[in-house]
Amino acid sequence: MNPYYFNPGYIPQQVDYSVQQYYPPYVPQHEEYDERQQLQNLGGFERRIRALERQNEEQVREITRLNRVVERHTDRINRLNQRLRNVERRLSIPFTASQDGF
């Protein structure tokens, strides 16, 4: 038997292998869900933004407080240095600056 033999009674059928046969056309079914989810995401973003703004305000307050503390200590150190210089001058102690400026 010849494998290339063509049977005259056989008519090959055209088979449609289109994608439509296997997959339904794309229809967005969750548009309402997507809108609700986007609104929830926006709400989540807004909450996160408010939380970050509160945290930022707290950090600004703490930095301001620490700057005041540093300024008070700096002023105190400057006053102590002036007193020390006056004492050194009265006692005729020569002033020589070292590495740290003291």
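**Exercise 1. Work out how E62 and R65 are placed in the helix and how their side chains meet.**

Solution. Begin with the position of the two residues: E62 and R65 both belong to helix 2 and stand three residues apart, about one turn of the helix. The model examined here is a predicted one, and in it the side chains of E62 and R65 join in a salt bridge, with a distance of 2.8 Å from N to O. That value satisfies the cut-off, since a salt bridge asks for a side-chain nitrogen of Lys or Arg within 4 Å of a carboxyl oxygen of Asp or Glu. In general terms, side chains of opposite charge can pair when their charged atoms come close. As a last step, consider the exposure of each partner: E62 is partly exposed, with a relative accessible area of 36%, and R65 is partly exposed as well, with a value of 40%.

**Exercise 2. Find the salt-bridge partner of E88, and decide whether E88 is buried or exposed.**

Solution. E88 lies in helix 2, and the residue with which E88 forms a salt bridge is R85, the closest N and O atoms being 3.3 Å apart. Because E88 and R85 are three residues apart in helix 2, about one helical turn separates them. By the rule for salt bridges, the count comes to two. To settle the exposure, recall that buried means under 20% relative accessible area; E88 has 15% and therefore counts as buried, whereas R85, with a relative accessible area of 25%, is partly exposed. Finally, when residues up to four places away in sequence are not counted, E88 touches I93 and F95.

**Exercise 3. Describe the backbone and the exposure of S92.**

Solution. First locate the residue: S92 is found in the segment after helix 2. Next look at its backbone, where phi is positive, about 55 degrees, although S92 is not a glycine. Then turn to accessibility, for which exposed means over 50%; S92 reaches 62% relative accessibility and so counts as exposed.

**Exercise 4. Which residues form the nonpolar patch on the surface, and where does L42 lie?**

Solution. The patch on the surface is formed by L39, L42, F45 and I49, which together have about 430 Å² of accessible area. One of these residues, L42, has its place in helix 2, which spans residues 31-90. With a relative accessible area of 47%, L42 is partly exposed, and this value suits a patch, because patches are made of residues with over 30% relative accessible area.

**Exercise 5. Summarise the chain as a whole: how many helices and strands are there, and what share of the residues is buried?**

Solution. Start with the secondary structure, which comes to two helices and zero strands. Continue with burial: the chain has 102 residues, of which 2% count as buried. Close with the surface, where the chain exposes about 10,800 Å², with carbon and sulfur atoms supplying 54% of that area.

Notes
Residues are numbered from 1 along each chain as its sequence is written. This is a predicted model: local features need pLDDT of at least 70, side-chain atom pairs count only at pLDDT 80 or more; totals for chains, interfaces and linings use all residues. Side-chain values use heavy atoms; hydrogens and water are left out. Helices (H or I, at least four residues) and strands (E, at least two) are DSSP runs, numbered from the N terminus. Buried means under 20% relative accessible area, exposed over 50%, partly exposed in between (1.4 Å probe, protein chains only). Accessible areas come from the Shrake-Rupley method with a 1.4 Å probe; for residues, only the protein chains shown count as cover. Patches are made of residues with over 30% relative accessible area and no salt bridge: like charges are joined within 9 Å, nonpolar side chains (Val, Leu, Ile, Met, Phe, Trp, Tyr) within 5 Å. Contact means heavy atoms within 4.5 Å.
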